[in-house]
Every structure is written in C-alpha cells, then in structure tokens.
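Subject: A structure for you to look at

Hello,

Here is the structure I promised to pass on. Please open it first, and then read my notes below with the view in front of you.

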Amino acid sequence: MKHLPFLLVLLFSFSAIGQEVEPTPLYLNTFLSTDNQNFSAQSSFDSFLEKLEKKRTSIKKEKDFVRYVFSKTHQEYLKKYEPYASFSNLFNGGAYNCLTGTILYAVVLNHFDLPYEVIETNYHIFLTVETAQGKVLLEATDPLNGFVETTREIEKRIGDYKQNTLTASNSKIRYHQFNFDLYRPVSMEELRGLLYYNKAVDSYNHQKLAESIQYLVQAHELYVSSRTDEFSMILLRAVQQSDWSDELKEKSIKIIYSVGQKNSSVIASLSTF
C-alpha cells in the first residue's frame with residue numbers, strides 16, 4: 001500500500017431545537033451501535049441522571065441547572081481528551097473528543113427536554129441551549145471555560161468557529177484543508193452519521209482504505225454534506241493511486257460513486273474485501 005499524501009482531520013466536536021424527544025437508553029444505544037456495542041452501563045448512567053433530576057428541583061434558574069449539568073457531566077464522563085476516541089470510550093475509561101462529548105451533552109439535555117442545537121463547522125462542533133434566562137453555549141472540550149453565558153462571549157466564540165481555521169497538531173505532517181465553509185445545525189441522526197464519518201477518516205489515516213470506504217458508505221446513509229462529498233473524492237484518488245488490482249480498484253471506485261445513491265446493498269458488497 002502506498003503512503004497517503006496527507007492526513008485528514010477528524011471532526012472532533014457537534015441537536016436541533018425542537019427535535020423529537022426519545023428515551024435516553026434508545027439514543028445511547030443508537031450511538032453505541034456505531035461501535036457495534038450495546039449500552040452495558042445503563043444502571044450507572046440512570047443513577048447519574050437521577051442525581052441530576054434531584055438537583056434540578058433545588059436549582060431555581062434553568063441556566064444554573066444547565067451549568068450544573070455541564071460541570072457534572074464533564075466530571076463524570078469526560079476525563080481524557082483523545083482525538084480518535086469512539087463514543088463507547090466515554091463509558092470505558094472516559095476518553096472523548098469534541099464530537100462524542102457534544103453528543104453526550106445532547107443526550108442529557110434531551111432527557112431533560114431542554115431546547116438545544118448542535119452546530120457543525122469544518123473542524124469543530126458545539127451546542128447552544130435556550131434557557132429561560134437566555135442562550136448559553138457549551139464547549140465539550142473546555143471543562144474550565146466551556147460554559148459560555150454572556151452574549152458578547154458567545155458571539156466571539158461563534159465568530160472564531162466560523163473562521164474554520166485548521167490548527168495543525170504536528171507541523172511536520174501535511175494536513176488536508178477542506179475547500180468549503182460549514183456552519184449548520186445537525187440532527188441526532190446526522191450526529192450518528194458523523195461518528196461513522198470519523199471512523200472513515202481514522203481508517204484512511206491508518207492506510208485502511210477498504211475499511212474507510214465501508215464507514216463512508218454508512219456515514220452517507222445518515223449524513224450528506226460537502227464533507228462527505230469531498231472525502232469521497234479523496235478516497236477515489238487514494239484508491240486510484242493504490243497498488244490494488246485493477247479489478248479491485250474498479251469495484252471500489254463504483255462503490256464510492258454509488259455512495260450518493262444511498263444504496264444499502266453497497267455495504268454488503270464491501271464484505272468481500
């Protein structure tokens with residue numbers, strides 16, 4: 001396998017106001033399914049939610065309760081930032097990234113029927129919450145200053161996010177910079193698609209092109225945007241430049257092209273790799 005020309009940056013962090021409220025265990029298992037796992041820590045998470053529910057009765061202001069949720073969720077589950085952490089890692093050691101941490105906050109807010117919105121940018125994701133005392137912004141990767149409540153500071157943070165600036169973690173590595181600007185709300189279903197997208201990127205970065213194609217197909221079933229379109233072209237070039245047989249290249253290229261058709265049979269065909 002030839003070395004790939006650059007690394008892709010994962011989308012490390014990302015509900016939409018007015019989303020249908022689903023039972024919390026259902027949401028959790030939906031996200032855990034991206035790791036082929038079921039929720040094995042249900043009782044402990046239920047206990048965590050019960051503690052929050054008891055606290056809610058004693059906190060008069062909704063904004064203060066959201067602040068409490070932000071702090072306690074971080075203390076309980078968001079223990080160690082790891083860029084390649086999967087959603088199940090939250091419950092198996094506390095490893096998280098921007099995307100998985102934001103999803104967990106969305107699940108908790110959804111449980112309490114608090115109106116929130118998850119916003120996706122090129123390289124980041126965050127959420128805002130509408131409280132009776134005004135809007136707040138939650139930044140999952142900032143345990144000290146990630147609860148943002150003043151209008152001025154919220155506007156500043158959003159302004160920074162909209163710049164879509166890529167900060168390279170290693171100056172010796174060439175990173176791919178996207179040729180688009182994203183700033184859009186994403187649904188719970190799309191968040192699950194983004195978990196698959198991150199897996200596709202991780203596989204690509206580890207030279208596992210066939211696995212990356214499979215995850216991209218799964219991502220595109222749930223989430224369609226400039227992000228998946230551009231990544232499809234990156235995968236096409238990587239396959240064309242690989243040392244695979246002509247037959248395998250042709251098959252893989254057809255699969256990538258068919259992603260836009262949302263053809264579920266594509267996933268099954270990948271099992272022959």
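**What I found**

Of the 273 residues in the protein chain, 52% are buried. Please keep in mind that this is a predicted model. The chain is built from 10 helices and 7 strands. It exposes about 13,000 Å², and 47% of that area comes from carbon and sulfur atoms.

**The cores**

A good place to start is the inside. In soluble globular proteins, nonpolar side chains tend to be buried together. Here the largest nonpolar core holds 69 residues. Phe45, Phe87, Phe91, Val129, Leu138, Leu191 and Phe231 have the most contacts inside that core.

Leu138 is a nice one to click on. Setting aside residues up to four places away in sequence, Leu138 touches Val66, Phe70, Tyr105, Leu109, Phe126, Leu127, Val129, Gly146 and Phe147. There is also a second core, separate from this one, with 7 residues, among them Ile119, Phe126, Leu137 and Ile154.

**The second largest pocket**

Next, have a look at the second largest pocket, which contains about 210 Å³ of space. Its lining has 20 residues, and Tyr84, Ser86, Asn198, Lys199 and Asp202 are the closest to the centre. By class, the lining is made up of 8 nonpolar, 7 polar and 5 charged residues.

Which helices each supply at least two residues of this lining? They are H4 (98–111), H6 (188–205) and H7 (209–222). The largest share, 5 residues, comes from H6.

**Around helix H6**

While you are at H6, find Tyr204, which lies in this helix. Is Tyr204 buried or exposed? With a relative accessible area of 1%, Tyr204 falls under the 20% cut-off and therefore counts as buried. Its C-alpha atom is 8.0 Å from that of Leu235, although the two residues are 31 apart along the chain.

Moving on from H6, you come to Gln207, in the loop between H6 and H7. Gln207 is not a glycine, yet its phi is positive, at about 65°. The relative accessible area of Gln207 is 27%, which lies between the 20% and 50% cut-offs, so this residue is partly exposed.

**Two more loop residues**

Asp113 also has a positive phi, near 55°, and is a residue other than glycine. You will find Asp113 in the loop that runs between H4 and strand S3 (116–121). What is the relative accessible area of Asp113? The value is 56%, over the 50% cut-off, so Asp113 is exposed.

Asp142 sits in a loop as well, between strand S5 (134–138) and strand S6 (147–148). At 18% relative accessibility, Asp142 is under the 20% cut-off and so counts as buried. Which residues is Asp142 in contact with, leaving aside its neighbours within four places in sequence? The answer is Phe70, His74 and Arg157. His74 is 68 residues away from Asp142 along the chain, and the C-alpha atoms of the two are separated by 9.3 Å. Phe70 may look familiar from earlier, since Leu138 touches Phe70 too.

**Where to begin**

If you only have a few minutes, I would begin with Leu138 and its contacts in the core, then turn to the pocket lining supplied in part by H6, and finish with the loop that holds Asp142.

Happy exploring, and all the best!

Note on methods: Residues numbered from 1 in each chain as written. Predicted model: local features only at pLDDT ≥ 70, side-chain atom pairs only at ≥ 80, totals over all residues. Heavy atoms only, no water. Core = buried A, V, L, I, M, F, W, Y, C linked by side-chain atoms within 4.5 Å. Buried < 20%, exposed > 50% of the residue type's maximum accessible area, 1.4 Å probe, protein only. Contact = heavy atoms within 4.5 Å. Helix = DSSP H or I, 4+ residues; strand = E, 2+ residues; numbered from the N terminus. Areas by Shrake-Rupley, 256 points an atom, 1.4 Å probe, with all protein chains shown as cover. 1 Å grid on protein atoms, 1.4 Å probe; cavity = no way out; pocket = protein on both sides within 12 Å on 5 of 7 lines; lining within 4 Å. Points joined across faces, edges and corners; volume = space filled by probe spheres on them. Nonpolar A, V, L, I, M, F, W, Y, C, P; charged D, E, K, R; others polar.
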